[in-house]
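Notebook open, model loaded. I want to go through one chain, then the place where the two chains meet, then the cores.

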Amino acid sequence: MSTIEAESELSVIKKIMEDSRRLNIDNGKHYLMWGILVTFALICNYIMLLTKTGGQYIGIMWFVLMISGAIIDSIMKKREVRTLKANTYAGNIVGSLWLASGIAMFIYGFVGLITKSYNPVFICPIISTSLGISYYTSGAIQRLKWLQNVSYGWWAGAIFLFVFPSIHSVLVFALMLVAFQIVPGIILNINSKKFLESEAHTLNV
Amino acid sequence: MSDFDYTHIDDVIHSRIRTSIMAVLVSVEEAEFNYLKEKVNATDGNLSVHIKKLEDAGYVSVKKIFVDRKPVSKYKITNKGYKAFENYIKRLESIVKNNFKN
C-alpha cells in the first residue's frame, strides 16, 4: 500500500467516524415533556399555596405527576430505541446522566421532604443546582456550548432562591423551567429536525 | 527491533466497503442494516456479502429483532473487531510515518 493510499484511507475513516458520531442529536422531546409537566405542577402548587387550599394534596399531586412523567419518559425512550437506526455512546451517556439526575431529584424532592431534612422552601434551589450540573455535563458531552451555558441560568436562579426564599419561589422556579428547560427543548427539537432534513438531503443527492 | 510489521495489512478490513462499515460501527454502539447501507453507499447484496466476511472473522456481531412486525438486523463491533480496527489504523499510520522518515 502506498503512502497516498494510506493517507486517503485514513482521511475517509476519519470523515466516516465524525459523521457517525454526530448521529443521535438530542431531539429535545424529553426536555419539553418534563418542562411542561413540572411547570404545570409548579403552577398548581403555587395556586394551592396562595389560596391555602388543598395543601394536604400537594405531595400526592407531585408523586402522581412525577410517576406519570417517568412512565411517559420510558415509553418515549423505548420508542426511540426501537426506531433509531443507530445508537451512539454519547447518546447513551447523556441518557444515563439524565436518569441518574432524575433519581437524585426524586430523592431530594420526596425522601428529603418526607424526612423533614430541610425546609421545603429550599427544594427549588436544590433542584436548580442539580439541573445545572446535568445541563453543564450534557452540553459538554454533546459539544453544545449554548446548552452548557444554560446551566449558568440554573445556578444563578439557585443562588437567588437560596438568598431570597419566599412563597413565590415556586413561581420563580416555574419561570426558570420555561426559560431554561422548555425553550432549550424547543431549540433542540428545531435543530434536530433541521439535522435530519439535511441528512436526508445529503443521502438523496 | 520491533516485530511490528507495518506492511502487513488485515485483509478482512482492507476493502473500501469493509473499512467504512468498521469505521461506522466503531463510532456508534449499534447500527441497523439500512443505516450502514446509507452510510457506506452500498447495495443490499453488496453490503450483505461484506458484513458476512466481517461476521465470519468475528469482527462484527448481529442481533435480529422485530420492529412493527418487520425484521431488523442490528450490527455491533466485537472486542476482536475493535482491536483489529485499531491495529489497522496503526498500520496505516505507520505507512505514512515511515514514508516521511524516508
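**Chain A, then the contact with B**

I started by listing the secondary structure of chain A, which comes to seven helices and one strand. This is a predicted model, so I am reading everything below as computed. Along the sequence I get the pattern α-α-α-β-α-α-α-α for chain A. I also looked up the extent: the C-alpha trace of chain A spans about 80 × 30 × 30 Å along its principal axes. Burial next: 25% of the 205 residues in chain A count as buried. For contacts in chain A with a separation of 6 or more, I noted that 75% come from residues 24 or more positions apart.

**Where the chains touch**

How many residues of chain B are in contact with chain A? I find 22 of them, facing 21 residues of chain A. On the chain B side, helix H1 (16-27), strand S1 (28-32), helix H2 (33-40) and helix H4 (79-101) each supply at least two residues. H1(B) gives the most, with six residues. I sorted the residues on that side of chain B by type and got 12 nonpolar, five polar and five charged.

**Strand pairing across the chains**

Which strand of chain B does S1 of chain A join? I traced strand S1 (residues 86-88) of chain A to S1(B), antiparallel, through three bridges. Ala86(A) stands opposite Ala31(B), and Asn87(A) has Glu30(B) as its bridge partner. Then I followed S1(B) the other way, within its own chain: S1(B) also pairs with S3(B), again antiparallel, over two bridges. There Ala31(B) has Tyr75(B) as its bridge partner. I have flagged Ala31(B), since it turns up opposite Ala86(A) as well as opposite Tyr75(B) in S3(B).

**Cores**

The largest nonpolar core has 26 residues, and the ones touching the most other members are Ile21(B), Met22(B), Val24(B), Leu25(B), Ala31(B), Leu36(B) and Val60(B). I checked which elements give two or more residues to this core: helix H1 (3-21) of chain A, and from chain B H1, S1, H2, helix H3 (44-56), strand S3 (70-77) and H4. So both chains are represented in it.

I picked Leu25(B) for a closer look. Leaving out residues up to four places away in sequence, Leu25(B) touches Ala31(B), Val60(B), Tyr75(B), Lys76(B) and Ile77(B). Apart from the largest core lies another, of 21 residues, including Ala41(A), Cys124(A), Leu161(A) and Leu188(A).

Methods. Residues are numbered from 1 along each chain as its sequence is written. Chains are lettered from A and ligands numbered from 1 in the order in which they are written. This is a predicted model: local features need pLDDT of at least 70, side-chain atom pairs count only at pLDDT 80 or more; totals for chains, interfaces and linings use all residues. Two residues are in contact if their C-beta atoms, placed from the backbone, lie within 7 Å. Helices (H or I, at least four residues) and strands (E, at least two) are DSSP runs, numbered from the N terminus. Ala, Val, Leu, Ile, Met, Phe, Trp, Tyr, Cys and Pro count as nonpolar, Asp, Glu, Lys and Arg as charged, and the others, Gly among them, as polar. Two strands pair if DSSP finds at least two bridges between them. A residue is buried if 20 or more other C-beta atoms lie within 10 Å of its own, exposed if 12 or fewer, and partly exposed in between; C-beta atoms are placed from the backbone. A nonpolar core is a set of buried Ala, Val, Leu, Ile, Met, Phe, Trp, Tyr and Cys residues joined through C-beta atoms within 7 Å.
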